[in-house]
Amino acid sequence: MAHSPHAPHDHDHRDHDHHDHDHAHGHDHAHGHDHGHSHALAKDADRRYLAIALVLLLGFTMVEVVVGLVAGSLALLSDAGHLLTDAAAIALALWAMHLADRPAAGSYTFGLKRAEILSAQVNGLSLLLLSVWFIVEAVIRLVTPPRVDGELVTVVATAGIFVNLAAVWVMSKANRQSLNVEGSFQHILTDLYAFIATAVAGALVWWTGWNRIDSIAALVVAGLMFKAGYALVRDSGRVFLEAAPRGLEPAAIGDAMRAVDGVTAVEDLHVWEVTSGLPALSAHLFVRRELDCHATRRQVQAMLVERFAIHHATLQTDHADEGEPGGGRRNSPCAFSHAH
């Protein structure tokens, strides 16, 4: 979302505004440095966790494809397909994290931070497409069930449970507030459930000889995949459509801003999310004429950080009786200001 300062505001009171703005910026710089340092460490840790999970999944995927073909198990092959998408999802997440770390430059004023949201959406779509394919194939096999080697399926699926438990444990340490990381985690968690269903189905086929249980297990897996995929597409879509982040209600934020002493009105309020964990806000504040609107702006910014964890706020301020059309804004002592 782009914005530009109103030149008339800066023209008349440039010295006063620069003093306020520079002071606020200097105060935030040390905090931003510490926050950025810890954020970088967390990102490096997330990469390690994702890389470990990727190695685990790729190794077991190869084993499962071979055994699934030998055993003739659709449930096992569906697990292998899901594992392959898990591995692709993690690889995509790692690449997206690399892109998101690039600094803002040129026309990309927020950098490539939304690459992580794009990765999450691709992961969600892949889960939806795979779930549809598995549902169709499972229905076909319910009608004409092939022979399934239940003993082999049970052994491999049990091993898969332990591999996925290790991958889930590793991924649970990563920052799941990131929709990108959460997308990869949901892939692996869904596959853990799938292995459990496959192991149960394999054991029942082994004991009873009823091969249709394998297809029923595949339907359960497909249902779980569809649920996880839908959630990822929905949440990433909210970011792309610039909806307010979940848990941040624009009406409540507007009320809180108007409750700050001296604020008489809030207009053009926009709340959106640049990427997971990075909410942003812009608004036009009107302040009582007898008050210092720069001080009031700083109070609003502090409140937004404290109550709503919104650190990226762009606020335009005007005195209340000079904000109406034709009211002589050029003579207003309030200038456009930006705090990050």
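Okay, one definition before anything else: when I call a residue exposed, I mean that its relative accessible area is over 50%, and buried means under 20%. Whatever falls in between is partly exposed. Also, please keep in mind that this is a predicted model.

So, let's try that out on a tryptophan. W207 sits in helix α6, which covers residues 179-208. Is W207 buried or exposed? Its relative accessible area is 67%, so W207 is exposed. And it has company: Y193, I196, V200, L204, W206 and W207 form a nonpolar patch on the surface. Together they have about 640 Å² of accessible area.

Let's step back to the whole chain. We've got 340 residues, and 46% of them are buried. There are nine helices and four strands. If you walk along from the N terminus, the order is α-α-α-α-α-α-α-α-β-β-α-β-β.

Now, helix packing. In general, you describe two packed helices by the angle between their axes and the distance between the axes. Take α5, residues 150-172, and α6: their axes come within 8 Å and cross at roughly 155°. That makes α5 roughly antiparallel to α6, since the cut-off for that is an angle over 145 degrees. The crossing of α5 past α6 is left-handed.

While we're on α5, have a look at V170, which is found in that helix. With a relative accessibility of 8%, V170 counts as buried. Its C-alpha atom is 7.8 Å from that of L50, although the two residues are 120 apart along the chain.

The other pair I'd like to show you is α4, residues 115-143, with α7. Here the angle is about 155° and the axes are 7 Å apart. So α4 and α7 are roughly antiparallel to each other, and their crossing is left-handed.

On to salt bridges. How many are there? The count comes to seven, and I'll go through some of them.

In α4, R141 pairs with E137, with 3.9 Å between the closest N and O atoms. These two are four residues apart in the helix, so about one helical turn separates them. R141 counts as buried, at 17% relative accessibility, while E137 is partly exposed at 22%.

Next, R246 and D235 meet in a salt bridge at 3.4 Å, N to O. R246 is in the loop between α7 and α8 and D235 is in helix α7, so this pair ties together parts that are 11 residues apart in sequence. R246 is exposed, at 55%. There's also a network of salt bridges here, linking R234, D235 and R246.

Then there's D261 with R288, where the closest N and O atoms are 3.9 Å apart. This one links distant parts of the chain, 27 residues apart: D261 is in the loop between α8 and β1, and R288 is in the loop between β2 and α9. D261 is exposed, at 53%, whereas R288 is partly exposed, at 32%.

Last topic: backbone angles. E242 isn't a glycine, but it has a positive phi of about 60°. You'll find E242 in the loop between α7 (212-240) and α8 (250-258), and it's partly exposed, at 29%. D268 also has a positive phi without being a glycine, this time near 50°. D268 is in strand β1, residues 263-275, and with a relative accessible area of 53% it's exposed.

That's my tour, thanks for listening.

Technical notes:
Residues numbered from 1 in each chain as written. Predicted model: local features only at pLDDT ≥ 70, side-chain atom pairs only at ≥ 80, totals over all residues. Heavy atoms only, no water. Patch = residues over 30% accessible without salt bridge, like charges linked within 9 Å, V, L, I, M, F, W, Y side chains within 5 Å. Areas by Shrake-Rupley, 256 points an atom, 1.4 Å probe, with all protein chains shown as cover. Salt bridge = Lys/Arg side-chain N within 4 Å of Asp/Glu carboxyl O. Buried < 20%, exposed > 50% of the residue type's maximum accessible area, 1.4 Å probe, protein only. Axes fitted to C-alpha atoms, helices over the stretch in contact; angles between N-to-C directions. Parallel < 35°, antiparallel > 145°, perpendicular 65-115°, else oblique. Left-handed = near helix turned anticlockwise from the far one by under 90°.
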